[in-house]
Structures are given as C-alpha cells and as structure tokens.
Amino acid sequence: SGLVDSEMCIRDRMRIIICSILSLFTFLTYGQGEDNVFLKYMDSAYATYENKPVLATTFLDSIPSPVEQSLNGHLAEYYRLKVLLNDKLNNSAELVHNSLLALKYAKAENNFEIAGVSSIELFYNTYLTKQDSTAFTYLKDAETYYRKANNIIGLAEVKQMYAYVELHKQN
C-alpha cells in the first residue's frame, strides 16, 4: 500500500509540474500579444539586413498588411529598417519614400532618435544629391529631434553635415 501511495504521489507531482509548465508557457505566449509575433520579424530583419538584405526583406514581407495595424506603435522602426534595406539594395527612390514615412511615424510616436536620423537622411538625399537648399529644413529638424532625445552623437552628426556642405561647395 505504501508503494502504491508513493507512485500516486509521484504521478500527482508530475501532473502538477507539467500543468504548471504548460500554464506558464500559455501565459507567456498569450502575454506577448499578437503584435509581438510581428516584432520578431522585425528583430530578425535587423539581425540579417547587413549581410543578407534579401532575407531581411523577406522577414519584413512576412508582416501582414496593413502594417499600420500589425505594428501599431512601431511604425517608425519598421520604416527606418526599410530605409536601411533600401540603402543596402541601392534603391534610392524607395529610400527617400521610406525616410519620409519613418519621419512621419517617428513624429507621431515621439521617437526622436528615428526622427533625427530620418531628417539627416532626407537632408542628405535632398541637398547633397539634388543640390536643393530647402533641405536645410531637415537638418534643422534633425537638430531639434536630437536635442529632444539628448543625443550628443546625433547633434555632432548635424554639425558635421554643415561642415560637409562647406567642403562640398569647395569641390
């Protein structure tokens, strides 16, 4: 009788452990929410865009449309990643388009880092490639966003752009 009680006790403990593990797994999976699944695609794209930009693009393409719904609150990051991929794949038309979208959503999401870097990107593509002096608006905006983000390196990059413009004028 003692052996039977011992086996039942072990079985009960195993059931409790297994149920606890399954409950924890279910809780953690449910707690992540649906959009975290899509954020994993963005994380994978970030991890691969440098060496495998086509694969990174595939990860982003796995995010269901409309991305505004799937990635609500993370659209600035999404479009910034698209800019990085456009740069890697030498797609300058899409790069400007996605920079504008990254800036739009960065403003809406108060993501001053991405707003700053998107403004720099737009300045670079507007002034240095097209010689359009209205691009300085983007450079001033970048400075504003980097100040809000307290990003010293971003502010240095803005100053460097002014120096780069002077160098560009001399050549």
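This passage describes the fold, the backbone geometry and the side-chain pairings of a predicted model.

The protein consists of nine helices and has zero strands. Read along the sequence, its elements accordingly follow the pattern α-α-α-α-α-α-α-α-α. The chain has 171 residues, of which 33% count as buried. The accessible surface comes to about 11000 Å², and carbon and sulfur atoms account for 56% of that surface. Among the contacts between residues at least 6 apart in sequence, 50% join residues that are at least 24 apart.

Backbone geometry was examined next. Most residues other than glycine have a negative phi, and most peptide bonds are trans. Departures from both habits occur in the loops of this model, as follows. The peptide bond from Ser65 to Pro66 is cis, with an omega near -5 degrees. Pro66 is located in the loop between helix H3, which spans residues 53-61, and helix H4, which spans residues 67-70. Asn110 is not a glycine, yet its phi is positive, at about 55 degrees. This residue belongs to the loop between helix H6 (92-108) and helix H7 (112-128). With a relative accessible area of 54%, Asn110 is exposed, because the threshold for that class is over 50%. A positive phi is also found at Gln131, another residue other than glycine, where the angle is near 60 degrees. Gln131 is placed in the loop between H7 and helix H8 (136-149). The relative accessible area of Gln131 is 46%, so this residue is classed as partly exposed.

Two buried residues with hydroxyl-bearing names, Ser70 and Thr126, were then considered for their polar contacts. Ser70 lies in helix H4. Its relative accessibility is 9%, and Ser70 therefore counts as buried. The side chain of Ser70 reaches the backbone oxygen of Pro64 at a distance of 2.8 Å. Thr126, in turn, is found in helix H7. Thr126 counts as buried because its relative accessibility is 16%, under the limit of 20%. A polar atom of the Thr126 side chain lies 2.6 Å from the backbone oxygen of Leu122. When residues up to four places away in sequence are not counted, Thr126 touches Gln131, Asp132, Ala135 and Tyr138. One of these partners, Gln131, is the loop residue with the positive phi described above.

The pairing of charged side chains was considered last. Side chains of opposite charge can pair when their charged atoms come close. The structure holds five salt bridges. One of them joins the side chains of Glu121 and Arg80, with a distance of 3.8 Å from N to O. This pair links distant parts of the chain, since Glu121 is in helix H7 and Arg80 is in helix H5 (residues 75-88), 41 residues apart. Arg80 has a relative accessibility of 13% and so counts as buried.

A further salt bridge is formed by Arg147 and Glu143, whose closest N and O atoms are 2.8 Å apart. Both residues lie in helix H8, four residues apart, which is about one turn of the helix. The two partners fall into opposite classes of accessibility: Arg147 counts as exposed at 52%, whereas Glu143 is buried at 16%. Glu143 also forms a salt bridge with Lys159, and here the closest N and O atoms are 3.7 Å apart. Lys159 lies in helix H9 (residues 152-170) and Glu143 in helix H8, so this pair ties together parts that are 16 residues apart in sequence. Glu143, Arg147 and Lys159 are thus joined into one network by salt bridges that share partners. Within this network, Glu143 is the partner named in the bridge with Arg147 and in the bridge with Lys159.

Conventions: Residues numbered from 1 in each chain as written. Predicted model: local features only at pLDDT ≥ 70, side-chain atom pairs only at ≥ 80, totals over all residues. Heavy atoms only, no water. Helix = DSSP H or I, 4+ residues; strand = E, 2+ residues; numbered from the N terminus. Buried < 20%, exposed > 50% of the residue type's maximum accessible area, 1.4 Å probe, protein only. Contact = heavy atoms within 4.5 Å. Areas by Shrake-Rupley, 256 points an atom, 1.4 Å probe, with all protein chains shown as cover. Salt bridge = Lys/Arg side-chain N within 4 Å of Asp/Glu carboxyl O. Polar contact = N/O pair within 3.5 Å; in protein donor to acceptor, adjacent residues only side chain to side chain.
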